[in-house]
Amino acid sequence: MGVMTARVFGLLASAVVVVTAIVACRPSGDAGYVEIKTVPLAPLTQTALYLDSTKLAPIKKGDTILRQPVGTLELQGDGFAGTLTQLCKIVVKKDRITTVTVSVLERPPRCQCRFTGADAATAHACVS
Amino acid sequence: MLRSLQVVFARLPFATAALVAAALALSGSFARAQDSSGAASPVDEFSQQLEDFQKSVPDLNKKIQESATTIDATTDVAKARAEIDRLRDEVSTLLGAVADNGPVSQLGVKALDHIHQKLKALSADTRFKPEERQYLIGQWQQLETQTVAADKELDDARAQFVSLLQTLQQNEDFIGELLEIRQAERALEVIRSLTQNIRDASNQLNKLIGGIKPPGA
């Protein structure tokens with residue numbers, strides 16, 4: 001009984017692996033890059049940052065470059081009472097780099113776009 | 001519990017059953033791959049990916065040099081812009097591999113994690129004589145040094161890719177603005193000066209990436 005249950009769970013786990021692999025192997029479509037710089041510069045920035053809901057790995061030497069699908073992403077940070085706070089919106093364009101600097105000393109961290117949009121829709125978003 | 005799972009399986013559509021079959025087949029191959037690859041596989045994998053990446057760079061370098069020549073020779077701004085666009089696409093593709101969430105960088109992280117785990121495990125391992133253990137630790141430490149060095153060089157290459165892509169996108173924007181105000185001559189001047197930057201960046205990239213030593217190589 002125990003062995004059977006273990007096998008069934010093993011099977012389910014394998015199915016999850018396959019589904020994940022299939023999803024990961026789908027054509028990714030157009031992509032661009034988000035460059036996140038953190039200040040003050042530290043060997044490893046431990047402040048939790050999220051792109052949409054994906055938590056980013058600690059940033060090494062104050063700089064990371066991440067390939068992302070084209071579109072508008074939300075950079076979020078830990079706010080008060082354990083909630084996520086939106087720091088800024090980042091517009092990702094095909095084969096282009098959108099750069100944003102995050103001041104991690106503040107609570108919540110503060111976003112500073114290298115360039116902001118010129119039109120009303122992207123006036124408060126970081127663009128490339 | 002088992003009964004309810006059996007009921008669930010009985011109701012699963014054919015596609016899911018096929019998926020499960022694929023899972024079984026794949027899990028078998030994964031197990032075999034793990035058996036045959038040995039303990040150092042994440043380091044080997046990183047080393048292999050790095051070598052593959054290095055092999056793709058001279059090709060990019062050639063394309064960049066060709067693009068620069070085409071851009072230099074043309075008086076057609078639209079053609080030059082199309083060439084810059086194509087170049088941006090090529091550089092972007094390679095940057096994808098070395099971006100922090102790209103496959104080569106991710107394997108680098110995985111390789112280092114593996115090395116750290118091995119070093120930790122070996123220091124507590126009592127199966128070997130002290131001199132044997134010391135030898136193994138020494139070898140893993142050497143791999144660690146090489147992997148850290150390769151990671152560092154990859155960081156430099158990544159920065160160079162980012163700089164090249166940023167140069168391309170900024171110049172392309174300026175050229176676009178110049179064309180909007182019918183300054184084709186000025187746009188051509190910008191394009192010409194851009195080609196020199198592109199050539200320099202390309203040579204720099206070639207040197208940087210060609211100089212990376214994959215760990216264990």
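What follows is a walk through two sheets in chain A, a helix pair in chain B, and a few local details of the backbone. This is a predicted model, in which local features need pLDDT of at least 70 and side-chain atom pairs count only at pLDDT 80 or more, while totals for chains, interfaces and linings use all residues. Residues are numbered from 1 along each chain as its sequence is written, chains are lettered from A and ligands numbered from 1 in the order in which they are written, and side-chain values use heavy atoms, with hydrogens and water left out.

Let's start with the four-stranded sheet of chain A, an open one with the order 6-1-9-10 and mixed pairing. Helices (H or I, at least four residues) and strands (E, at least two) are DSSP runs numbered from the N terminus, and two strands pair if DSSP finds at least two bridges between them. Strand 6 (63–69) and strand 10 (110–113) of chain A are the edges; each has a single partner strand, so one side of each has no neighbour in the sheet. From one strand to the next, the twist averages 30 degrees. Strand 9 (residues 97–103) of chain A runs antiparallel to strand 10 of chain A, and four bridges link them. In that pairing, A:Val102 has A:Cys111 of strand 10 as its bridge partner.

Chain B comes into the picture here. Helix 6 (residues 130–180) of chain B packs on this sheet and touches strand 1 (31–39), strand 6 and strand 9 of chain A, where contact means heavy atoms within 4.5 Å. The direction of helix 6 makes about 115 degrees with that of strand 9 of chain A; axes are lines fitted to C-alpha atoms, for helices over the stretch in contact, and angles run from 0 to 180 degrees between N-to-C directions.

Helix 6 of chain B also packs with helix 3 (residues 41–73) of chain B, at an angle of about 30 degrees and with the axes 12 Å apart. That makes the two helices of chain B, 3 and 6, roughly parallel, a label for angles under 35 degrees (over 145 is roughly antiparallel, 65 to 115 roughly perpendicular, and the rest oblique). On the helix 3 side of chain B, the residues in contact include B:Phe46, B:Leu50 and B:Phe53, while B:Trp140, B:Leu143 and B:Phe161 are among those from helix 6 of chain B.

Back in chain A, the other sheet is open too, with five strands in the order 4-3-7-8-11 and mixed pairing. Its edges are strand 4 (54–55) and strand 11 (125–126) of chain A, each with a single partner strand, so one side of each is left without a neighbour in the sheet. Strand 7 (residues 71–78) and strand 8 (residues 84–92) of chain A pair in the antiparallel sense over eight bridges, and A:Gln76 has A:Gln86 in strand 8 as its bridge partner.

A:Cys111 turns up again in a disulfide with A:Cys88, the sulfur atoms 2.0 Å apart (a disulfide is a pair of cysteine sulfur atoms within 2.5 Å). A:Cys88 sits in strand 8 and A:Cys111 in strand 10 of chain A, so the pair ties together parts 23 residues apart in sequence. Over all chains, the count comes to two disulfides.

Finally, some backbone details. Most residues other than glycine have a negative phi, and most peptide bonds are trans. The bond from A:Val39 to A:Pro40 is cis, with omega near -5 degrees, and A:Pro40 lies in the loop between strand 1 and strand 2 (44–45) of chain A. Another cis peptide bond joins A:Arg107 and A:Pro108, with omega about -10 degrees; A:Pro108 is in the loop between strand 9 and strand 10 of chain A.
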